[in-house]
Amino acid sequence: MNDGDRKGVERKGVNVKNGDDGVSVMSGGGDGVSMKNGGDGVSVMNGGDDGVSVISGGGDGVSMKNGGDGVSVMSGGDGVSVMSGGGDGVSMKNGGDGVSVMSGGDGVSVMSGGDGVSVMSGGGDGVSVISGGGDGVSMKNGGDGVSVMSGGDGVSVMSGGGDGVVVVDNCINAKPPQPPSHLPPSLERVRKLVATSTPPSLHFYHLSLQDRQQLRMVFDKHCVKVVIHFAGLKAVGESVKRPLDYYANNLTSTITLLQVMNEVGCRVLVFSSSSTVYGPATYFPTDEDHPTGPAITNPYGRTKYFCEQVMKDVAAQDKRWSVVVLRYFNPVGAHSSGLLGDDPVTGRPVNLLPSLAHVAAGRKKVFHIFGEDWDTPDGTCIRDFMHVMDLAEGHVAALEHAHTHTGASVFNLGRGEGVSVRQMIQAFERACGCSLPCEVVCRRAGDVRRTTCSGDRAKAVLGWRPYRTLDDMCRDSWLFQVNNPHGY
Ligand SMILES: CC(=O)N[C@H]1[C@@H](OP(=O)(O)OP(=O)(O)OC[C@H]2O[C@@H](n3ccc(=O)[nH]c3=O)[C@H](O)[C@@H]2O)O[C@H](CO)[C@H](O)[C@@H]1O
């Protein structure tokens with residue numbers, strides 16, 4: 001049941017392509033490798049065993065793209081990573097459980113995300129690092145400086161200055177730093193990949209965004225130009241059970257981050273918000289002008305709404321601020337390399353797709369469908385699922401916007417296609433090749449019946465459009481599970 005119009009969705013990518021006078025190298029192997037390179041640069045991407053590796057150079061319609069003369073390497077942790085680097089430098093990106101995007105110019109960019117989405121974009125000669133846990137952190141860097149961003153329980157900070165990278169994360173929902181590198185395992189994967197070319201210096205701070213003193217020290221040490229804030233706790237059901245944890249973490253970290261940014265004069269921010277701020281929407285597809293706030297059905301959603309309000313007030317009071325709020329619909333999937341996927345530190349995922357993957361892998365006995373009595377064609381909830389790589393690319397576009405605009409702006413990121421929980425189960429069964437044991441249980445507290453996104457504004461203003469399919473999402477999610485049977 002596609003209740004949305006997927007106009008604007010297209011798939012222009014080429015599995016393997018080498019164009020013009022460039023060089024493309026891909027390492028990965030197995031089945032399903034996509035690589036593309038164009039222009040006169042060199043792009044390298046490395047994937048896992050039988051996974052997929054993609055590297056992209058110029059051209060159009062590739063999930064990752066690199067242009068110019070530089071070298072780009074991308075790697076991910078649990079999630080999805082997209083990196084786009086141009087110029088003469090090195091760009092690297094790593095995602096934790098979520099999505100990471102990085103774009104670098106002449107400098108070095110590294111990003112690491114926890115549960116959410118991390119985006120970093122570095123231009124000029126500087127260094128940008130973003131790292132986030134929870135809902136994700138986004139950070140961006142342009143020009144010659146450094147960008148740092150951090151989020152919620154997972155804190156991300158990026159810094160640089162010259163040729164270094166700084167990442168800050170409290171690793172609340174990701175594996176903590178491990179010896180000998182003392183980096184989180186996901187970030188270590190990135191470091192190793194980058195080390196194949198020009199190794200940037202990488203600084204990791206294991207701290208919380210709520211620690212104002214420590215966070216200020218990071219900003220003092222590194223010349224941060226842009227922050228992508230996508231850290232935060234993000235489980236709807238959990239937020240109903242632990243509201244204080246959600247308010248304390250998501251709000252305090254955001255306010256602390258804004259205070260420190262203001263103190264040091266870094267006033268460019270991209271924030272990971274959620275479709276949950278609309279509550280039960282009154283029309284579909286839902287655009288950014290739909291009312292937000294009062295109807296929200298869970299504390300998680302209210303923390304996102306409150307953070308949005310804080311940012312809008314700050315940007316209204318001081319015209320030097322540039323804030324881009326991104327309202328994600330339902331990001332799912334994993335990086336096509338099989339290296340990055342959803343791997344919560346608890347080992348017990350609560351979101352739909354990682355839960356299905358655990359059932360398919362035998363790590364969980366049965367999948368629980370939260371209610372089959374909703375007012376939908378098959379009785380299960382409808383969501384607007386979007387591949388994390390598409391989401392990551394949306395962040396790159398948002399970073400460009402943040403650099404060229406002041407004030408606060410808001411964009412939905414989603415595909416505009418409504419898919420029921422039952423339909424998603426069927427799609428995952430196609431991907432893993434087996435039928436999955438399911439049991440219908442009570443509705444989950446805090447859920448809404450349906451979400452479907454109008455992405456018209458993001459398409460018109462940011463020039464962003466998602467193009468990956470439901471099958472792409474399930475295939476990549478399953479590949480990550482197969483390649484990482486016990487996570488990190
Ligand atoms: C409407 C809404 O608030 N959406 C937000 C929420 O997604 P959701 O809470 O919609 O994401 P989810 O993956 O937890 O659930 C998706 C759908 O699957 C159902 N389900 C999930 C797990 C399971 O074991 N069984 C089952 O039936 C669930 O009831 C829902 O209808 O959180 C996300 C971050 O995590 C994003 O911020 C979304 O924008």
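# A ligand between two domains

Of the 23 residues around the ligand, those that come nearest are Ser274, Thr276, Asn351, Leu352 and Cys381; a residue is near a molecule if its C-beta atom, placed from the backbone, lies within 6 Å of it. This is a predicted model, in which local features need pLDDT of at least 70, side-chain atom pairs count only at pLDDT 80 or more, and totals for chains, interfaces and linings use all residues. Residues are numbered from 1 along each chain as its sequence is written.

The shell around the ligand consists of 10 nonpolar, 9 polar and 4 charged residues. Here Ala, Val, Leu, Ile, Met, Phe, Trp, Tyr, Cys and Pro count as nonpolar, Asp, Glu, Lys and Arg as charged, and the others, Gly among them, as polar. Two elements, α6 (352-360) and β20 (367-370), each supply at least two residues of this shell. The largest share, 3 residues, comes from β20. Helices (H or I, at least four residues) and strands (E, at least two) are DSSP runs, numbered from the N terminus.

The protein chain is divided into domain 1 (82-333 + 384-418 + 454-473) and domain 2 (352-382 + 423-449 + 475-483), with bounds from an automatic or database domain assignment. The contact between them takes 16 residues from domain 1 and 15 residues from domain 2; two residues are in contact if their C-beta atoms, placed from the backbone, lie within 7 Å. On the side of domain 1 that touches domain 2, α3 (236-241) and α10 (470-483) are the elements that give two or more residues. That side divides into 7 nonpolar, 7 polar and 2 charged residues. Both domains also give residues to the shell around the ligand, so the ligand lies between them.

Taken as a whole, the protein chain has 10 helices and 25 strands. Four of the strands form an open, parallel sheet in the order β16-β17-β18-β23; two strands pair if DSSP finds at least two bridges between them. The edges are β16 (227-229) and β23 (407-413), each with a single partner strand, so one side of each is left without a neighbour in the sheet. From one strand to the next, the twist averages 15 degrees. Strand β18 (residues 322-328) pairs with β23 over 7 bridges in the parallel sense, and Val323 stands opposite Ala408 in β23. Helix α5 (residues 299-317) packs on the sheet and touches β17 (268-274), β18 and β23; its direction makes about 155 degrees with that of β17. Axes are lines fitted to C-alpha atoms, for helices over the stretch in contact, and angles run from 0 to 180 degrees between N-to-C directions.

Some backbone angles deserve a separate note. Most residues other than glycine have a negative phi, and most peptide bonds are trans. The table lists exceptions.

| Place | Feature | Angle |
|---|---|---|
| Pro179 to Pro180 | cis peptide bond | omega near 5 degrees |
| Phe284 to Pro285 | cis peptide bond | omega near -10 degrees |
| Cys171 | positive phi | about 55 degrees |
| His182 | positive phi | near 60 degrees |

Pro285 is in the loop between β17 and α5, whereas Pro180 is in the loop between β14 and α1. Cys171 is found in the loop between β14 and α1, and His182 lies in the loop between β14 and α1 too. Cys171 is buried, with 23 other C-beta atoms within 10 Å, while His182 counts as exposed, with 12. A residue is buried if 20 or more other C-beta atoms lie within 10 Å of its own, exposed if 12 or fewer, and partly exposed in between.
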